[in-house]
Amino acid sequence: MLTLGSLAFSAPWMLVGLAALPLIWLLLRVTPPAPRLQRFPAIQLLFGLHQREETPARTPWWLILLRMVLAALVILGLAHPLLNPGGRLPGGGPLVLAIDDGWAAARLWQGRQRDAIELLDMAERDGRAVVLLTTARQPGGELPATIGPQRAAEIRARVQALAPKPWLVDRDAAKQAIERLTLTGPAQAVYYADGLDDPALMGFAEALQRVGSLRVVTGAPKDLPLLLLPPENRAGDVDVVAKRIASDQPGLAVVRALAADGRLLAREHAAFEPGATRATVRLKLPIELRNSLARLEIEGQDQTGAVVLLDERWQRRPVGVVSSSPLEGGQSLLEDTYYMERALGPFAEIRRGSVGDLLRGQLAVVLLADDAPLSDGDRAQLKAFVDNGGALVRFAGARLADGKPDDLVPVRLRPGGRELGTALQWTQPAHLAPFRPSSPFAGLSVPDEVTIARQVLAEPALDLPEKTWAQLADGTPL
C-alpha cells in the first residue's frame, strides 16, 4: 500500500499507467492527412454549396485536456485510492479475530461488526491472512471452531453474515479450538468480548495471547447488557427483577409490559443503587390486564436476556370460595376456608361470596367447604356450572360423611365414614398409595408423612375405579 499524506492506494502498481499519459496526448493530437486536390469538371456543380457543419483541421485543446483528465482518473480509480485509511495492524503475521456472539453481545453487535470489517480491510490492504473464531455454539450444538487462515475478503463475507445467538458462549471449547490452530509465525489477535465474566475467560485470553499480541475490545460499563429475570407473581401485583454487572454508578432500566397483540400495558422505571446489581419494579395491574400479559422487556436492550415471555403459568386464575359472607373467615385456624386461601393465595385470585355472587363472574374453579351453607337454588346453580364445563372442588368433612344424597358428588357415599387409628381399633392411620397412570396426579410422589385418619367411603360400583383419582395403601378409594 502506498501512502501519500491522508491519501493511500491499495493497488499502487496501477499508477504506472500515469506514465502512458504523454503517449495518449500524442495519439489524441494526431489528425488525418490532408485531402488531395483532384480536378473533376463536374465539381463545378458543387461550387456555391456551403456545409452547415465543418470539421476542424485539429482537435481542440480543451477536448484533448478533458480526455487526458478522464484517462488519469481511470488510472487513479484502478489504483483503489483511500482517503484517511487509518492505522495499520501491528506485526506482519495473520490476523486472529475472536468474537463473542452470545446473547450478551447483541446490544453492541452492529458496532462490533463495523469495527471487525475495518480490521479486515486493513488486513486485506496488507495482504495478511485472517482466522475467524466465534465463541458461541452453533444452532445444531456444534462446538466453536476456527475458520481459516483465509483471505480477508472471504472472512469479510462471513462476518457480515454473523448474528448473535440467544444463548451463552462456550469459552472452554473456543480455547481448545485456538490450541488446535497451527500458524506460521506470530499473529495479531483481536478479541471482541461481551463484557461478562466466567471461569473460562482467563484461560481463553491466555490461549489467544500465546498466538501473538492480543487486543481485547469490550463495551463501556453503561453499554453492558442487562438481564431480566422471570417475574414473581404476587397476590396484588407482579414483581420484576432486572440485573446488571456490578458498578459503582447508579443506573436506570425501563421495564415494559406488553400484551400478545403488542399493546403497552405498563411502563415502569427500575433504579439501580450505586454498587447494587439488582433493581425491582412492581407492576400493579387489574386482574384482566394482568392475565393478558405476554411479554416483559427492558427498553433499549435488543437482546434475548432482556426479554421474558409469559404463558398461562403466570396468569392468576379467579377462584371462588363459597361462604355465607365475603368478609367472614380468613383469620381463624378452625375454618376450612382459611387453609384454602393459604394454599391458593400465591397462585390465584381468591373471591369469597355466595354461590350466586360468585357465578356472576368468570371463574376457573369453585371451592366448596364441607360446612358451606347451600340452598336448593345454590345446588342447582352449581350443577349447571359443572354441566357447562366448570370445575367444582368439594372438600370432605363431617357433613359429607353423613351420607345424605348429594348430586354434587360423582359417586354414592356410604354413611358414617371410616376412622383409622382410634383407641378402640387396632388399625393405624393409612398412607396413600402411588397414583395410577390414569389419575390427574400421576407422576407426583407420595410423601411418607401424609397419613389418613378419617375417610369417607363410596358405595361399590362398576365404574368406581374410573372415578377414583387417589386411594389408600389398602386399595380403598379416597
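**Entry 1: where α3 meets α4**

I started with the contact between two helices in this predicted model. On the α3 side I noted Gln 113, Ala 116, Ile 117, Leu 120, Asp 121, Ala 123 and Glu 124. They meet Ala 152, Ala 153, Ile 155, Arg 156, Val 159 and Gln 160 of α4. I sorted the residues of this contact by type and got eight nonpolar, two polar and three charged.

Next I checked how the two helices lie. α4 covers residues 152-161, and its axis sits 9 Å from that of α3, at an angle of about 175 degrees. Angles over 145 degrees count as roughly antiparallel, so α3 and α4 get that label.

**Entry 2: α3 on its own**

I then looked at α3 by itself. The helix runs through residues 109-126, 18 residues in all. From first C-alpha to last it reaches 26 Å, close to the 26 Å expected at 1.5 Å a residue.

Which residues of α3 are buried? I wrote down Trp 109, Arg 112, Gln 113, Ala 116, Ile 117, Leu 119, Leu 120, Met 122, Ala 123 and Arg 125. Gln 113, Ala 116, Ile 117, Leu 120 and Ala 123 also turn up in my list for the α4 contact.

Just after the helix comes Gly 127, with a positive phi near 70 degrees. Arg 128 is in the loop between α3 and β5 (130-134). Buried or exposed? Arg 128 has 7% relative accessibility, so I put it down as buried. I also looked up its distance to Arg 151: the two are 23 residues apart in sequence, with 7.3 Å between their C-alpha atoms.

**Entry 3: the five-stranded sheet**

Then I turned to the open sheet ordered β6-β5-β4-β7-β8, whose pairing is mixed. Its edges are β6 (147-150) and β8 (212-217), each pairing on one side only. The twist from one strand to the next averages 15 degrees.

I followed β7 (residues 187-192) into β8: the two run parallel and are joined by six bridges. Gln 188 stands opposite Ser 213 of β8. Helix α6 (residues 201-210) packs on the sheet and touches β4, β5, β7 and β8. I read its direction as about 135 degrees from that of β8.

α4 came up again here. That helix lies across β4 (95-99), β5 and β6, at about 150 degrees to β6.

**Entry 4: the four-stranded sheet**

I found an open sheet with antiparallel pairing too, in the order β13-β12-β15-β16. Why is one side of β13 (264-272) and of β16 (307-309) left without a neighbour in the sheet? Both stand at the edges with a single partner strand each, so nothing in the sheet pairs on the other side. Ignoring direction, neighbouring strands of this sheet are turned by 15 degrees on average.

For β12 (residues 251-259) I went through both partners. It runs antiparallel to β15 (residues 293-298), with five bridges. Arg 256 has Glu 297 as its bridge partner, and Ala 259 has Leu 293. With β13, the antiparallel pairing spans eight bridges, and Leu 258 stands opposite Leu 264. Four residues lie between the strands in the β12-β13 hairpin, where Gly 262 has a positive phi near 90 degrees.

**Entry 5: Val 69**

Last, I looked up Val 69 in helix α2 (residues 61-78). At 40% relative accessibility, Val 69 counts as partly exposed. Its C-alpha atom is 9.4 Å from that of Leu 21, a residue 48 positions away along the chain.

Technical notes: Residues numbered from 1 in each chain as written. Predicted model: local features only at pLDDT ≥ 70, side-chain atom pairs only at ≥ 80, totals over all residues. Heavy atoms only, no water. Expected span 1.5 Å × (residues − 1). Buried < 20%, exposed > 50% of the residue type's maximum accessible area, 1.4 Å probe, protein only. Axes fitted to C-alpha atoms, helices over the stretch in contact; angles between N-to-C directions. Parallel < 35°, antiparallel > 145°, perpendicular 65-115°, else oblique. Contact = heavy atoms within 4.5 Å. Nonpolar A, V, L, I, M, F, W, Y, C, P; charged D, E, K, R; others polar. Pairing = 2+ DSSP bridges.
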